[in-house]
Amino acid sequence: MKKSINPDGVRKPFGNYSHGLYVPPGAGLLVTSGQLGIGQDEAIPRSVSAQAELCFQAIGKILAEADMGFEDVIRITGYVTTREDFPAYMDVRDRYIADPMPVSTLLIVSGFTRAEFLVEVEVTAAKLP
């Protein structure tokens with residue numbers, strides 16, 4: 001069983017994440033590439049919320065292909081292009097995460113391969129047999 005690690009003496013997490021997450025031996029591991037906010041039809045929405053939704057939908061399909069779900073995600077790394085996009089990204093992210101809370105990092109970056117992209121998300125998941 002995965003175990004959330006938030007020890008005494010370390011400030012409480014700022015949001016819905018764990019400072020550490022213990023995964024016992026024998027778990028299957030899945031690591032995704034960063035997913036961008038672009039649809040199969042090549043459309044790129046203008047809002048960070050809509051792009052983040054596409055990122056998490058793609059991640060959900062990748063997880064399903066590995067017989068996993070968002071409850072198996074142990075780490076999320078998100079990238080946005082402005083601090084103002086932080087709340088919109090977090091609103092979408094928080095709809096997809098499950099207990100135990102994964103570890104999480106969010107970075108503000110100067111841009112992606114195309115100027116239209118506002119967010120990119122990658123995850124690591126672990127599932128016990």
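**Exercise 1. Place T77 in the fold and decide whether T77 is buried or exposed.**

Step 1. T77 sits in strand β5; strands here are DSSP runs of E with at least two residues, helices are runs of H or I with at least four, and both are numbered from the N terminus. The model is predicted, so local features need pLDDT of at least 70 and side-chain atom pairs count only at pLDDT 80 or more, while totals for chains, interfaces and linings use all residues. Residues are numbered from 1 along each chain as its sequence is written, and side-chain values use heavy atoms, with hydrogens and water left out.

Step 2. The relative accessible area of T77 is 8%, so T77 is buried (buried means under 20% relative accessible area, exposed over 50%, partly exposed in between, with a 1.4 Å probe and protein chains only).

Step 3. Not counting residues up to four places away in sequence, T77 touches T105, E120, V121 and E122; contact means heavy atoms within 4.5 Å.

**Exercise 2. Describe helix α1: its span, its buried residues and what they pack against.**

Step 1. Helix α1 covers residues 48–65, which is 18 residues. From first C-alpha to last it reaches 26 Å, close to the 26 Å expected at 1.5 Å a residue; the expected span is 1.5 Å times one less than the number of residues.

Step 2. The buried residues of α1 are V48, Q51, A52, E53, C55, F56, I59 and L63. An α-helix has 3.6 residues a turn, so residues three or four places apart point the same way.

Step 3. These buried residues pack against β3 (28–31), β4 (35–36), β5 (73–80), α2 (86–96) and β7 (119–127).

**Exercise 3. Work out how α1 and α2 are arranged and which residues make their contact.**

Step 1. The two helices pack at an angle of about 30°, with their axes 8 Å apart. Axes are lines fitted to C-alpha atoms, for helices over the stretch in contact, and angles run from 0 to 180 degrees between N-to-C directions.

Step 2. α1 and α2 are therefore roughly parallel to each other (angles under 35 degrees count as roughly parallel, over 145 as roughly antiparallel, 65 to 115 as roughly perpendicular and the rest as oblique).

Step 3. From α1, the contact uses V48, S49, A52, E53, F56 and Q57; from α2, it uses A88, Y89, V92, R93, R95 and Y96. Sorted by class, the contact has 7 nonpolar, 2 polar and 3 charged residues. Ala, Val, Leu, Ile, Met, Phe, Trp, Tyr, Cys and Pro count as nonpolar, Asp, Glu, Lys and Arg as charged, and the others, Gly among them, as polar.

Step 4. In α2, A88, Y89, M90, V92, R93 and Y96 are buried. Their cover includes α1, β5, β6 and β7.

**Exercise 4. Take A125 and P102, and state for each its location, its burial and its contacts.**

Step 1. A125 belongs to strand β7. Its relative accessibility is 0%, so A125 counts as buried.

Step 2. Leaving aside neighbours within four places in sequence, A125 is in contact with G28, L29, L30, L63, M68, D72, V73 and I74. A125 and I76 are 49 residues apart along the chain, and their C-alpha atoms are separated by 9.0 Å.

Step 3. P102 is in the loop between α2 and β6 (103–108). With 1% relative accessibility, P102 counts as buried.

Step 4. On the same exclusion of neighbours within four places, P102 is in contact with Y17, S18, L21, V73, I74, R75, I76 and I97. P102 and Y17 are 85 residues apart in sequence, but 5.3 Å apart C-alpha to C-alpha.

**Exercise 5. Find what is notable in the backbone at E42, D67 and P100.**

Step 1. Most residues other than glycine have a negative phi, and most peptide bonds are trans.

Step 2. E42, in the loop between β4 and α1, has a positive phi near 75°. E42 is exposed, with a relative accessible area of 53%.

Step 3. D67 lies in the loop between α1 and β5 and has a positive phi of about 60°, although it is not a glycine. At 58% relative accessibility, D67 counts as exposed.

Step 4. P100 is in the loop between α2 and β6. The peptide bond from D99 to P100 is cis, with omega near -10°.
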